[in-house]
Amino acid sequence: MAAAPDGSNPSPLDELVRVVEPPLRYFATARPKRLAPNALPTERILGLVDRAAEAGGNAEVLAGLRTLFRDFPLEPEDVRHRAALQGLAELARLRSGEPGTAPAVEPPPVYESTRPEDVDAALALLASPVQFLKGVGPRRAEQMARLGIETVEHVLYHLPFRYEDRRSLSTIAELVPGAEATVVAEIVAVGTAVAGRNRRRILEARASDGSGVLTLTWFHQTSWFQQKLKIGLRVVLHGKVETGYGRKQMIHPEVEVLEGEDDELGGILPVYEKPTEMTVGAMRKVVATALAEVGGRVPSVLGAPVAARHRIVDLAAAFRAVHEPPRGADVVPLAEARSVGHRSIVFDELFYLELGMMLRKHSIAEEAGIAFRSSGELRGRLRRALPFELTGAQDRVLGEIAHDMAAPHPMNRLVQGDVGSGKTVVALMAALDAIECGYQAALMAPTEILAEQHHATVARFLAPLGIEPALLTGSLRPAARKPVLDGLARGRVPLVVGTHAIIQESVRFHRLGLGIVDEQHRFGVMQRKKLRGLGDNPDILLMTATPIPRTLAMTLYGDLDLSFLDELPPGRQPIDTRVVREKERERVYERIGAELDRGRQAYLVFPLIEDSEATDLRSAKAMARDLATGTFRGRRLALLHGQMKAEEKEAVMRRFQAGDHQILVATTVIEVGIDVPNATVMMIDHAEQFGLAQLHQLRGRVGRGAERSHCILVSTGRAGLQGFERLRLLERESRGSRIAEADLETRGPGELLGLRQSGLPDFRAANLVRDVRILEDARHEAEAQLRADPGLGASPALRRVLEHRWRGRLGLAQVG
Ligand code: ADP
Ligand code: MG
């Protein structure tokens with residue numbers, strides 16, 4: 001702690017003022033649109049607030065400050081501005097010892113709980129098919145099903161992706177190029193033209209509102225819009241205003257036809273994602289019907305105390321507020337999905353997610369499992385034979401695993417560790433503990449190549465111990481396969497390394513004690529469950545290199561125990577990473593050529609498989625063609641992408657691994673499953689299209705040998721300066737967890753890697769990146785709930801809703 005000028009320790013109050021005053025001044029004057037990561041060290045501030053309260057600071061003022069700082073990073077710009085001004089005033093009061101005026105707090109929201117006896121009927125109603133709603137017939141139901149909307153509940157959870165504030169429409173004359181706007185106008189002309197090099201048919205229409213004319217242009221779905229846009233039609237148009245040949249235009253605007261006299265002008269209107277065949281208005285009507293008929297009965301059973309703590313309203317009120325915002329509503333929080341209604345729906349959804357995962361974890365933790373009583377002898381022998389010392393993190397994680405394995409319940413642990421952090425050795429030592437106790441162990445990897453690599457590594461490590469691992473993959477010939485299957489069934493094979501082949505029908509273990517899954521995110525829940533079924537409640541160890549911030553991992557994998565291998569072995573060379581602009585592309589190619597001349601190999605990664613009309617991003621297929629006949633003519637170049645068959649992919653990777661190919665042009669399929677020490681350079685094109693965590697995982701494919709390796713990120717500038725700076729974090733940071741945290745903080749587009757495959761129920765309303773705070777709150781409440789009522793025996797309504805939300809998944813997804 002910094003000492004005060006007079007040499008004494010500053011009081012907690014002084015410390016608080018010292019830390020928070022400068023940033024508050026900044027936010028009270030400047031109004032930054034985006035909050036820089038770590039603009040306010042929130043956790044630290046909250047700690048200081050608590051200490052100041054303990055030290056006897058004005059409790060009321062401090063409680064107000066606590067709320068203010070907690071929500072601050074999540075608030076929109078104008079709220080932050082006001083909050084900063086208020087915060088400064090509060091600080092001044094705090095310092096002067098005056099009694100505080102508590103920040104103006106709105107009255108607590110109302111949470112109307114559903115009566116327990118009404119829950120079942122309401123849930124049944126929610127589960128009814130959309131056709132239950134007036135105005136929805138079989139055809140419409142089918143169209144909506146394509147968007148995943150099949151039940152009435154799905155309709156209610158189909159939240160607007162945007163709101164249109166028709167309280168402030170623009171006239172065409174007022175439109176400013178570059179800005180998004182909404183105008184009401186009349187169609188005055190419609191016609192087609194042929195344009196561009198490839199003679200594409202385009203549709204052009206003109207709309208006028210008396211103040212000016214706006215050109216509307218479509219490149220796709222031209223016939224559909226041509227049919228729909230009749231001269232004289234009044235429409236609401238929304239889109240980005242552009243200028244072309246001096247005309248104002250919108251390309252692919254959203255169009256809504258105004259039908260009656262009572263046009264929905266003047267309010268805040270929800271805009272929904274919809275099937276192409278449906279109009280915006282029709283979609284809106286379906287939602288309105290669902291809201292009117294069922295919305296009021298959606299069960300809300302979290303209880304008033306929980307609701308008050310988190311300032312949420314019941315779901316009936318929340319859905320109403322979100323789908324039919326009142327005229328006077330504040331449109332900014334609605335648009336950012338942070339309104340009370342949004343928060344309430346999200347909180348509720350995440351609460352049941354957490355509750356379900358915790359129950360699952362508890363139920364596994366209570367099952368009987370194997371209590372391994374290993375003396376650690378085998379593991380010790382391996383350790384002495386290793387040419388290196390274990391890192392501190394490896395030691396710690398091994399301790400955590402050993403503790404689980406010794407317990408008489410099944411282990412269910414996920415080890416998260418960066419590429420190269422040494423997960424394999426850790427897994428192997430765990431396997432030795434099981435083997436020493438007379439059990440078998442299995443290590444499963446997502447691809448044949450990876451399985452073979454693991455097998456070779458493991459065989460090398462175990463040779464001094466006289467233990468021989470077996471290999472089991474799909475491509476094994478029957479003659480080679482039979483002895484492995486026999487050995488496993490009779491218990492002669494103590495350790496098997498392989499692919500999905502391990503969990504195929506014909507495989508029997510004599511006594512499987514430990515199942516290990518590498519790159520766990522590549523496996524589905526069912527596959528892990530099968531592995532578990534191969535023994536009598538064996539221990540399960542999952543491994544992943546997918547970087548996920550710790551806080552998120554704890555919540556997301558609430559049903560697993562987590563270990564972090566957060567230390568790389570000493571002496572590792574970080575991958576030399578550089579972000580460059582498009583204009584340096586040729587220099588990058590030269591650089592890659594130079595590496596190839598030295599006998600090295602290269603990866604070139606592109607965001608798309610093939611060129612698409614929808615974007616001008618470069619694609620792997622097109623670039624492979626261009627480069628093979630151009631810049632890299634005469635080099636041995638191969639193509640790898642996700643649409644290739646598994647065998648084709650394996651074959652290409654094998655040849656690359658053998659050095660037959662010098663250059664691998666690929667999409668992100670190379671994320672896992674390949675280890676080629678001679679590959680020392682990677683170029684990732686359109687790097688701005690990827691998440692930082694994903695880029696980090698991709699670059700882990702190089703730097704696997706003794707040579708210094710390079711990763712070059714080419715940014716095509718469409719993400720602007722900010723996007724470029726975001727990428728540069730990778731030049732400085734090599735820790736995956738840190739990179740994932742930054743990804744989360746800047747709330748970049750797209751999901752964090754691996755979330756989609758994590759076997760969780762799909763989220764209808766929540767966005768784990770945006771709603772991470774709510775997620776933590778929901779987790780704490782779910783914990784409290786289970787502490788008070790472990791089996792939910794005293795909360796039948798909660799239990800019913802929980803079952804409804806997870807619909808059978810609880811029992812099914814016992815592992816991971
Ligand atoms: P991961 O699976 O976590 O990406 P690996 O298990 O493949 O990493 O380990 C990467 C490399 O580091 C391997 O060559 C392994 O033998 C080596 N290694 C593992 N632990 C250590 C250590 N403590 N010190 C030095 N090298 C290590
Ligand atoms: Mg590995």
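## Exercises on two parallel sheets and a ligand site

Strand β20 (residues 679-684) pairs with strand β21 (residues 710-715) in the parallel sense, over four bridges. The model is predicted, with local features needing pLDDT of at least 70 and side-chain atom pairs counting only at pLDDT 80 or more, while totals for chains, interfaces and linings use all residues. Residues are numbered from 1 along each chain as its sequence is written, chains are lettered from A and ligands numbered from 1 in the order in which they are written, and side-chain values use heavy atoms, with hydrogens and water left out.

**Exercise 1.** Place β20 and β21 in their sheet, and describe the helices that lie on it.

*Solution.* Begin with the terms: helices (H or I, at least four residues) and strands (E, at least two) are DSSP runs numbered from the N terminus, and two strands pair if DSSP finds at least two bridges between them. In β21, H710 is the bridge partner of V681. Next, follow the order β16-β21-β20-β17-β19-β18, in which six strands form an open sheet with parallel pairing. β16 (576-581) and β18 (637-640) stand at the edges with a single partner strand each, so one side of each lacks a neighbour in the sheet. From one strand to the next, the twist averages 20 degrees. Finally, add the helices, taking contact as heavy atoms within 4.5 Å and axes as lines fitted to C-alpha atoms, for helices over the stretch in contact, with angles from 0 to 180 degrees between N-to-C directions. Helix α21 (residues 585-597) packs on the sheet, touching β16, β17 (601-605), β19 (663-666), β20 and β21, and its direction makes about 165 degrees with that of β20. Helix α22 (residues 620-629) lies across β17, β18 and β19, running at about 175 degrees to β18.

**Exercise 2.** Find the edge strands of the sheet that contains β9.

*Solution.* Seven strands form this open sheet in the order β11-β12-β10-β13-β14-β9-β15, with parallel pairing. The edges are β11 (470-472) and β15 (561-565), each of which pairs on one side only. Five bridges join β9 (residues 412-417) to β15, and R413 has D561 as its bridge partner in β15.

**Exercise 3.** Describe the surroundings of ligand 1.

*Solution.* Counting residues with a heavy atom within 4 Å, 15 residues surround ligand 1, the closest being E389, Q394, G420, T424 and R572. Then inspect the backbone: an N or O atom of E389 lies 2.8 Å from a nitrogen atom of ligand 1, whereas one of G420 lies 2.6 Å from an oxygen atom of ligand 1.

How values were computed. Polar contact = N/O pair within 3.5 Å; in protein donor to acceptor, adjacent residues only side chain to side chain.
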